[in-house]
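Open the model in a viewer that can select by chain and residue number. The stops below say what to select and what is found there.

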There are 2 protein chains.
Amino acid sequence: MALVVQKYGGSSVADATSIKRVAQRIVATKKAGNDVVVVVSAMGDTTDELLDLAQQVSPLPPGRELDMLLTSGERISMALLAMAIANLGHEARSFTGSQAGVITDSSHGRARIIDVTPGRIRGALENNQIAIVAGFQGVSQDTKDITTLGRGGSDTTAVALAAALDADVCEIYTDVDGIFTADPRIVPTARKIPRISYEETLEMAACGAKILHLRCVEYARRFDLPIHVRSSFSQKEGTWVVSGAAMRDANSEGTEMEQPIISGVAHDRSEAKITVVGVPDKVGEAATIFKTLADAGVNIDMIVQNVSAAATGRTDISFTLPASDGSAALTSLKKIQDSVGFESLLFDDQIGKVSLIGAGMRSHPGVTAKFFAALADAGVNIEMISTSEIRISVIVGQDEVDTAVTAAHRAFDLDADQVEAVVYGGTGR
Amino acid sequence: MALVVQKYGGSSVADATSIKRVAQRIVATKKAGNDVVVVVSAMGDTTDELLDLAQQVSPLPPGRELDMLLTSGERISMALLAMAIANLGHEARSFTGSQAGVITDSSHGRARIIDVTPGRIRGALENNQIAIVAGFQGVSQDTKDITTLGRGGSDTTAVALAAALDADVCEIYTDVDGIFTADPRIVPTARKIPRISYEETLEMAACGAKILHLRCVEYARRFDLPIHVRSSFSQKEGTWVVSGAAMRDANSEGTEMEQPIISGVAHDRSEAKITVVGVPDKVGEAATIFKTLADAGVNIDMIVQNVSAAATGRTDISFTLPASDGSAALTSLKKIQDSVGFESLLFDDQIGKVSLIGAGMRSHPGVTAKFFAALADAGVNIEMISTSEIRISVIVGQDEVDTAVTAAHRAFDLDADQVEAVVYGGTGR
């Protein structure tokens, strides 16, 4: 008998019909002889509706009260799901984040989990009950106030609970069949990846693949907990996210002839590029610039500094950042223009990032050359380049993203023989 | 400096605009130098919408999960109210029933409060914060599960918290200006009662006056806590519900020349009458009948047994009950028809109950005669009669209720010189 933790996002429990469908799936897992713990997000648009209500009442609501408000969303979905399961003749108990023992710090709206003490969940399982847990929420250790975990919070709740309960697997249900070699909306022949390492998944997530959030993958990697990403709309096997060691074991067992060099192609249209033009080429100027940006709370992604033109003694520094941080970044930089002595600022939000990810590329020279050649053949101009051991990212014009993704996907033989992806629409939290 | 507990019903916080209005009222009370604790119900129709969702998922949802679902309603309203107060520059903290220390038994959907330990509320008050508490909910002592208190739950929460905090007053905000001598929709000249005893209020509530629920008045009487019933739509003084001793003190101080004999006229159209015809006039037959009804969970109000007709050795037993219990009552009685040997059952839901209430009637003979004469003059036929020390109730035809109420109101000089009641519409929970 296995202990399975399942997580269903908002689109999987959007209405009464969806909730009843999910309940059947949960009961089937229970009937198959497993202990089941379910983590659930708020129904469909509930969170947005609550945020809208808050805006009507106060332009800048206190974080504590906003968390109190938003957590009512999961309260509704989890109670309804427990009812639907009871209706199928199985006992279910719903638990808030606090009741489930999700202990966090006091950062309202973006709390970090600092401990998980799932005594009541264990009790429910011992009583042969299915435990339904509110995702996205916890209780602060210091103030005992209700907190929310921020983006990707429900996935993180599921993985954290699975780790604390020593579960056999954490199943993340979504509206696609798993993690694909590229976004199937861009590359219809994208293939579902059957097995992928935590590290590659992290690079995929950081590069714009929206299936799993960084936090939850980081958490799973720390506890070596297998994640099974799959669709709540089908019974197909999805994508297993496992450790590098588990990947190698699977490969040596001959289940896969050889690990593919490249896992997939990710893309991200949400970034913008800022160029600081004419920075005096002196020690410490770059440090001043990025210290200023950090103080303004701006997240920097890629950074490129051109070689200084000897004649002028000045250089240009370009970096990418979330487009939504653009205004804050420009404002903070303008304040130090005189003291740093740079000439001007350029801002471009019509960019896109295309990333090639694969643990295999470490040991395969020539991947970079092949990637760049594919883009050149497709007529795509590269503006910036950044690499890690298992990733190559390039910045291109936003309207060239699709072309670049398609070209790279084809160049590395990632295309399936036939179209297998179905995108069901909707996003969870 | 006084400690004021205020309770706002669902119609007072129906939308963002109402919530902001209530927030201003709360802040005004705080600014006047009071410590303020606010108990709030779910917004407008939230509870009905959640019940509807539950019905879509399961025809008979488990009580524990239904309570988990419904309590999200107050979570939303209290968080929004705290935000609105923060927006006015005052610190507010919202607390669930559990956080506020409302400890109950485990009867989901109709839990009884068994203890109130408002440590966190006291802490908030010490920090000069306004405490907002979710009405209608608590946490069970045994299972630590979330519970709801059932009908009138938010009023009861307010009174229980006020008692535990030793508050100076519990203000119950509603959509009328207080408790009236009769329903102003029937008697436009009904007067607002400035001061009334717990006992008379209990009789009014039991007889169909919908302002305060029995439970909350009983609770207030036990702890001798003054309740001030007033409108959230005006600044007028409402009705003070106090102990008989406080009434006498007020009277001896000369604030009122003499306590009026009759406080008011209540009516109730929600009852039905069942007559068990031809019951053999033997010892124990009535006991069997009412034991059967009790086992079926039927609440009985008035009972009348006619004198046995000597010739037949049979009698008729009539009783009133909530019309909604009619079907259950008839079904259970039919099962014992043969064993008891009664002849037939009559059911009439076209009745109404009109009650004259007043602590003064104890010492004033002739009240009953005057009441009956007034009804007779108005052409109203009396079907059943029941009395207590401070109440006389009669059952009349449902279409004669308005006539009876108006006639009694006039006969006891309860009419105001001018119309003063405004009914704003809407109901809380």
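**Stop 1: Asp175(A) and the annotated positions**

Select Asp175(A), which counts as buried because its relative accessibility is 8%, under the 20% cut-off. Keep in mind throughout that this is a predicted model. Asp175(A) sits in the loop between strand 9 (169-174) and strand 10 (195-197) of chain A. Show side chains: those of Asp175(A) and Thr174(A) are joined by a polar contact of 3.3 Å.

Both residues carry an annotation. An unreviewed UniProt entry places the feature "binding site" at Lys7(A), Tyr8(A), Gly9(A), Gly10(A), Thr174(A), Asp175(A) and Arg185(A). These positions span 179 residues of sequence and are also spread in space, with up to 24.2 Å between C-alpha atoms.

From that list, select Lys7(A) next. Lys7(A) belongs to strand 1 (residues 3-8) of chain A. Is Lys7(A) buried or exposed? With 5% relative accessibility, Lys7(A) counts as buried. Add Asp155(A) to the selection: its side chain and that of Lys7(A) make a polar contact of 2.8 Å.

**Stop 2: strands 4, 7 and 8 of chain A**

Switch to a cartoon and select residues 137-140 of chain A, which form strand 7. Strand 4 (residues 102-104) of chain A runs parallel to strand 7 and is joined to it by 2 bridges. Strand 8 (residues 146-148) of chain A runs antiparallel to strand 7, with 3 bridges between them.

Val139(A) is a useful residue to label here. Ile103(A) stands opposite Val139(A) in strand 7, and Val139(A) has Ile146(A) as its bridge partner in strand 8.

Which residue takes a positive phi in the hairpin of strand 7 and strand 8 of chain A? Select Lys144(A): its phi is positive, near 60 degrees, and the hairpin has 5 residues between the strands.

**Stop 3: salt bridges**

Over all chains, a search of the whole structure gives 36 salt bridges. Begin with Glu383(A) and Lys273(A), whose closest N and O atoms are 2.8 Å apart. Glu383(A) lies in the loop between helix 13 (367-377) and strand 19 (384-388) of chain A, and Lys273(A) in strand 14 (residues 271-280) of chain A, so this pair ties together parts that are 110 residues apart in sequence. Colour the pair by accessibility: Glu383(A) is partly exposed at 33%, whereas Lys273(A) is buried at 14%.

Move to chain B and select Lys273(B) and Glu383(B), whose side chains meet in a salt bridge with an N to O distance of 2.8 Å. Here too the pair links distant parts of the chain, with Lys273(B) in strand 14 (residues 271-280) of chain B and Glu383(B) in the loop between helix 13 (367-377) and strand 19 (384-388) of chain B, 110 residues apart. Lys273(B) is buried at 14% relative accessibility, and Glu383(B) is partly exposed at 32%.

Stay in chain B for Asp177(B) and Lys236(B), which form a salt bridge of 3.2 Å, N to O. Asp177(B) is in the loop between strand 9 (169-174) and strand 10 (195-197) of chain B, and Lys236(B) is in the loop between strand 11 (227-231) and strand 12 (239-242) of chain B, so the pair ties together parts 59 residues apart in sequence. Asp177(B) is buried, with a relative accessible area of 1%, while Lys236(B) is partly exposed at 41%.

Finally, show Arg64(A), Glu65(A), Asp145(A) and Arg120(B) together: they are linked in a network of salt bridges.

**Stop 4: the two copies**

Display both chains. Chain A superposes on chain B, with an RMSD of 0.2 Å, after a rotation of 180 degrees with 0.1 Å of shift along its axis. The two copies are therefore related as by a two-fold rotation axis. Select Ser72(A) to find the C-alpha of chain A nearest the axis, 2.5 Å from it. The same surface serves both copies, as 100% of the contact residues of chain A recur in chain B.

**Stop 5: Lys335(B)**

For the last selection, take Lys335(B) in helix 11 (residues 326-335) of chain B. Lys335(B) counts as exposed, at 69% relative accessibility. Draw a distance from its C-alpha to that of Ile390(B): the two residues are 55 apart along the chain, and these atoms are separated by 38 Å.

Terms used. Residues are numbered from 1 along each chain as its sequence is written. Chains are lettered from A and ligands numbered from 1 in the order in which they are written. This is a predicted model: local features need pLDDT of at least 70, side-chain atom pairs count only at pLDDT 80 or more; totals for chains, interfaces and linings use all residues. Side-chain values use heavy atoms; hydrogens and water are left out. Two strands pair if DSSP finds at least two bridges between them. Helices (H or I, at least four residues) and strands (E, at least two) are DSSP runs, numbered from the N terminus. A salt bridge is a side-chain nitrogen of Lys or Arg within 4 Å of a carboxyl oxygen of Asp or Glu. Buried means under 20% relative accessible area, exposed over 50%, partly exposed in between (1.4 Å probe, protein chains only). Copies are superposed by least squares on the C-alpha atoms of residues with pLDDT of at least 70 in both. Contact means heavy atoms within 4.5 Å. UniProt positions are given in the numbering used here, feature names are shortened, and annotations may be inferred rather than shown by experiment. A polar contact is a pair of N or O atoms within 3.5 Å; within protein, one must be able to donate a hydrogen and the other to accept it, and residues adjacent in sequence count only if both atoms are side-chain atoms.
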